[in-house]
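Please open the structure in your viewer and keep the selection panel at hand. The stops below are meant to be followed in order.

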Amino acid sequence: MGDGARISGRAGVLVTVLVLVLANLLNNRIAPSGYLLTAPLTAAVLLGVLRLAGGTAADAGLDRAGWARGARWAGVLIGVVAAGYLAAGLLPLTQGLFTDRRTEGDGAGTVAFEVLVRIPLGTVLLEEVGFRGVLYGLLRKEWDVRVATAGSALLFGLWHVLPSLHLSEDKPALTPLFGGSALGVLLVELGTVLFTGLAGVLFCELRRRSGSLLAPAGLHWATNALGLVAGFVLGALG
């Protein structure tokens, strides 16, 4: 164990995974309505696990020395995502990808709450602290960067299994391709795990290259929040 550690790094990895599994069940099955409370609390618990394992703020990508650099990376990435969504929203071929039955009929106030509160505090905070902060940091302390990236990305992909169970029904663009059959649901699940797993690799690399959790957090927020804004605007114009 390192100086000040009360548990080993490997024990910290195991506890982190168990906490994330419990949080996934809690947020998607047991108490989904408490998402905005349980997500920040889980992030705090995970940071506590990191500390028990001898980890530091730098291990989690939260070292103050990296904030300015991370913020610059985040700003650039948000701009890239915004430009991409703007282009996709202007093309008839890709406009349908923004339609989501889960958010149909939402007003401007609801969208603003999602973009400014629920997504950053309920989704980005927990997932970035959990997967690119604590889990990635603990894995890097015990193994090399390839193991840390692979482990974090794989678990990030599996994290999305429960939230995407009805994705083929919620996204009209996917319904003609996969429908609501068991095979269609399975294919969507596999595709979701693969896609989010690859996204996890990208997020880990951003975390490594920038030295800050702010870089993947910025891209993560932009991907989720600006996509919602684009869907709302296109729905209002349509």
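Which exposed residues does the face of α6 turned away from its buried side carry? Select α6, residues 145-159 of this predicted model, and turn it until that face is towards you: the exposed residues there are Arg 146 and Leu 154. The helix has 15 residues and reaches 21 Å from its first C-alpha to its last, close to the 21 Å expected at 1.5 Å a residue.

Now colour the buried residues of α6, which are Ala 148, Thr 149, Ser 152, Ala 153, Phe 156, Gly 157 and Trp 159. Looking down the helix axis, you will find that these buried residues fall within an arc of 150°, so they line one face of α6.

Trp 159 leads on to the largest nonpolar core, which has 31 residues, and Trp 159 is among those with the most contacts inside it, together with Leu 46, Phe 131, Val 134, Leu 138, Leu 206 and Leu 219. To see where the core comes from, show α1 (9-30), α2 (35-52), α3 (67-90), α5, α6, α9 (182-210) and α10 (214-237), each of which supplies at least two of its residues. The most is given by α5, with eight residues.

Stay with α5, residues 108-142, and select Glu 128 and Arg 132, which lie four residues apart in this helix, about one turn, and whose side chains meet in a salt bridge (2.7 Å, N to O). Glu 128 counts as buried because its relative accessibility is 2%, and Arg 132, at 0%, counts as buried too.

Another salt bridge to display joins Glu 114 and Arg 118, with the closest N and O atoms 2.5 Å apart, and these two residues of α5 are likewise separated by about one helical turn. Here Glu 114 counts as buried at 17% relative accessibility, whereas Arg 118 is partly exposed, with a relative accessible area of 26%.

Next, show the surface and select Leu 36, Phe 113, Leu 121 and Leu 125, which form a nonpolar patch with about 300 Å² of accessible area together. Helix α5 contributes three residues, the largest share of this patch; Phe 113, found in α5, counts as partly exposed at 38% relative accessibility. Add Val 117, also in α5, whose C-alpha atom is separated by 8.5 Å from that of Leu 36, although the two residues are 81 apart along the chain.

Finish at α9, where Glu 205 forms a salt bridge with Arg 209 at 2.7 Å between the closest N and O atoms, and where adding Arg 208 to the selection completes a network of salt bridges linking the three residues.

Conventions: Residues are numbered from 1 along each chain as its sequence is written. This is a predicted model: local features need pLDDT of at least 70, side-chain atom pairs count only at pLDDT 80 or more; totals for chains, interfaces and linings use all residues. Side-chain values use heavy atoms; hydrogens and water are left out. Patches are made of residues with over 30% relative accessible area and no salt bridge: like charges are joined within 9 Å, nonpolar side chains (Val, Leu, Ile, Met, Phe, Trp, Tyr) within 5 Å. Accessible areas come from the Shrake-Rupley method with a 1.4 Å probe; for residues, only the protein chains shown count as cover. A salt bridge is a side-chain nitrogen of Lys or Arg within 4 Å of a carboxyl oxygen of Asp or Glu. Buried means under 20% relative accessible area, exposed over 50%, partly exposed in between (1.4 Å probe, protein chains only). The expected span of a helix is 1.5 Å times one less than its number of residues. The arc is that of the directions from the helix axis to the C-beta atoms. A nonpolar core is a set of buried Ala, Val, Leu, Ile, Met, Phe, Trp, Tyr and Cys residues joined through side-chain atoms within 4.5 Å.
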